[in-house]
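User: I have a model open on my screen and would like to understand the labels people attach to it. Could you walk me through the reasoning behind them?

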Amino acid sequence: MRKTFKQTFKIRNFDVDFNGKLKLEMLLDFLQDSAAEHARSFGLSGEDLLKKNLAWILSRYHIQINQYPQRGETIEVKTWPSQNKGVFTLREYEIRTSRATYVQATSSWMAVDIQRKKPVNIKKSLPDFPVQDRRAVRDDFKSLPDSNRTDIEMRFPVLKSDLDFNRHVNNAVYVHWAVE
């Protein structure tokens, strides 16, 4: 089991916005894809968890973008789990090119019992997997403040293409809606 995982992506025409820069939702897809491939190497892919009546649920991201990758560039996504805290496991990311680090991110995930619809204790419910005591972004993921104000409200229909294999709206879709 490798503590870190690296995956390379070429930024294609349909990955970018009208300025030729990587769309935010595509950036999240690259992070998620790299995390999924790394989890697969531990026997903890989404498919592996489904066999145990569990599913991965993304709780939060904290992403620092220094520079957006551009069309035609090749990026490397590096990811590793950094901590297990009760029902949460933290996963870190870096996106680099040969010239610079473009993105650093951290994410918080839960494994949820699908039938009970409740999170499970990571250490008690999943096999051990290596963590690296290094954070890409320091964030304790404290509770977000309540918002009493709504500036704009829009409704978006949930399309079949918005659903992942768990039949839930994928996290990158929520970001796409927010950007719209």
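User: What makes Glu 94 and Arg 96 a salt bridge?

Analyst: In this predicted model, the closest N and O atoms of Glu 94 and Arg 96 are 2.7 Å apart. The cut-off is 4 Å between a side-chain nitrogen of Lys or Arg and a carboxyl oxygen of Asp or Glu, so the pair qualifies.

User: Why is Glu 94 called buried?

Analyst: Glu 94 has 7% relative accessibility, and buried means under 20%, so the label fits. Its partner Arg 96 has a relative accessible area of 32%; that value falls between 20% and 50%, so Arg 96 is partly exposed.

User: And what makes Asp 15 and Arg 12 a salt bridge?

Analyst: The closest N and O atoms of Asp 15 and Arg 12 are 3.0 Å apart, and the limit is 4 Å, so this pair passes too. Asp 15 is buried, with a relative accessible area of 0%, whereas Arg 12 is partly exposed at 37%.

User: How do you know that the salt bridge of Glu 92 and Arg 135 links distant parts of the chain?

Analyst: Glu 92 sits in strand E4 and Arg 135 in the loop between H3 and H4, 43 residues apart. The closest N and O atoms of Glu 92 and Arg 135 are 2.8 Å apart. Both Glu 92 and Arg 135 are buried. The count of salt bridges comes to 8, and Glu 37, Arg 40 and Glu 47 are linked in a network of them.

User: Why is the pair of Phe 156 and Trp 177 called stacked?

Analyst: The centres of the two rings, Phe 156 and Trp 177, are 5.6 Å apart, with 10 degrees between the planes. Rings pair within 6.5 Å and count as stacked under 30 degrees, so both tests are met. Phe 156 lies in the loop between helix H3 and H4, and Trp 177 in helix H4, so the pair ties together parts that are 21 residues apart in sequence.

User: Is Trp 177 buried or exposed?

Analyst: Trp 177 counts as buried, at 16% relative accessibility, because the limit is under 20%. Phe 156 has a relative accessible area of 30% and is partly exposed.

User: What makes Tyr 174 and Trp 177 edge-to-face?

Analyst: The planes of Tyr 174 and Trp 177 are 85 degrees apart, with 5.5 Å centre to centre. Edge-to-face needs over 60 degrees, so the name follows. Tyr 174 and Trp 177 are 3 residues apart in helix H4, about one helical turn. Ring pairs link Phe 156, Tyr 174 and Trp 177 into a cluster.

User: How do you know that the length of helix H1 agrees with what it should span?

Analyst: H1 has 18 residues, and at 1.5 Å a residue it should span 26 Å; its end C-alpha atoms are 26 Å apart, so the two agree. The expected span uses one less than the number of residues. The buried residues of H1, among them Phe 30 and Leu 31, pack against E1, E2, E3, E4, E5 and H4.

User: Which residues touch the most other members of the largest nonpolar core?

Analyst: Phe 30, Leu 31, Leu 44, Trp 56, Ile 95 and Leu 126 do, out of 30 residues in that core. H1 gives the most to this core, with 7 residues. Leaving aside residues up to four places away in sequence, Trp 56 touches several residues, including Leu 44, Trp 109 and Leu 126.

Note on methods: Residues numbered from 1 in each chain as written. Predicted model: local features only at pLDDT ≥ 70, side-chain atom pairs only at ≥ 80, totals over all residues. Heavy atoms only, no water. Helix = DSSP H or I, 4+ residues; strand = E, 2+ residues; numbered from the N terminus. Buried < 20%, exposed > 50% of the residue type's maximum accessible area, 1.4 Å probe, protein only. Contact = heavy atoms within 4.5 Å. Phe/Tyr/Trp six-rings, centres within 6.5 Å; stacked < 30°, edge-to-face > 60°. Core = buried A, V, L, I, M, F, W, Y, C linked by side-chain atoms within 4.5 Å.
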